[in-house]
Amino acid sequence: MIPKSSLIQYTLLALIVLAYSIYGFGFAALYGAIVSLSNTWIFDWYTNKQKALVNADAQKSFRMAINSSVIRTLALILLALIGLSLLKLEPSALCLSLVLGQIGFILDRLRQK
C-alpha cells in the first residue's frame, strides 16, 4: 500500500518509469526512482530519530540535521554515479526520474503542512 504521505512522489515515479519503459529505458528510470526513494527514506529515518529525542538539546538536533544532509547528498551522488558509470544506464531516464522523485517529495511535504 502506498503511504499517503508520499502519494505525489510515488505517482510521479510510477508515471516516469512507465513512460521510459515504452522506449526501453525502464530499468534506468526505475534505478533513478529507487535512488530518489532511498533519499526520502533516509530523510524520514532521520526525522523520526529526531522526533524520538524530544529532550535533545539544540546542538544535538542541529548535528543530526547536518548528518542527515551529508548522508543523503553522498548517497545520492554515489548511487547516481554507480548507475551512470558502472551500470551504464541512460542518463536522461535516471536523472529525470531522480529529479521528479525529489520534486514529488517536496510537493508531498508541502501538501502535509
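Start by selecting Leu 53, which sits in the loop between α2 and α3 (58–86). The structure on screen is a predicted model. Leu 53 is partly exposed, and its relative accessible area is 33%. Leaving aside residues up to four places away in sequence, Leu 53 touches Lys 60 and Met 64.

Keep Leu 53 selected and add Gln 9. The two are 44 residues apart in sequence, and their C-alpha atoms are 28 Å apart in space.

Gln 9 leads to the next stop, since it is one of the α1 residues in the contact with α2. Select helix α1 (residues 7–22) together with helix α2 (residues 26–52). Their axes are 7 Å apart, and the helices pack at an angle of about 165°. Angles over 145 degrees count as roughly antiparallel, and α1 and α2 are therefore roughly antiparallel to each other. The crossing of α1 past α2 is right-handed.

Now show the side chains where the two helices meet. From α1, pick Gln 9, Tyr 10, Leu 13, Ile 16, Val 17, Tyr 20 and Ser 21. From α2, pick Gly 26, Ala 29, Leu 30, Ala 33, Ser 36, Leu 37, Thr 40 and Trp 41. Sorted by class, this contact of α1 with α2 holds 10 nonpolar residues, five polar ones and no charged ones.

For the last stop, select Asp 108 in helix α4 (residues 91–112). Is Asp 108 buried or exposed? Asp 108 is buried, with a relative accessible area of 0%. Not counting residues up to four places away in sequence, Asp 108 touches Ser 5, Ser 6, Leu 7, Ile 8 and Gln 9. Gln 9 thus appears both here and in the contact between α1 and α2.

Definitions and conventions:
Residues numbered from 1 in each chain as written. Predicted model: local features only at pLDDT ≥ 70, side-chain atom pairs only at ≥ 80, totals over all residues. Heavy atoms only, no water. Axes fitted to C-alpha atoms, helices over the stretch in contact; angles between N-to-C directions. Helix = DSSP H or I, 4+ residues; strand = E, 2+ residues; numbered from the N terminus. Parallel < 35°, antiparallel > 145°, perpendicular 65-115°, else oblique. Left-handed = near helix turned anticlockwise from the far one by under 90°. Contact = heavy atoms within 4.5 Å. Nonpolar A, V, L, I, M, F, W, Y, C, P; charged D, E, K, R; others polar. Buried < 20%, exposed > 50% of the residue type's maximum accessible area, 1.4 Å probe, protein only.
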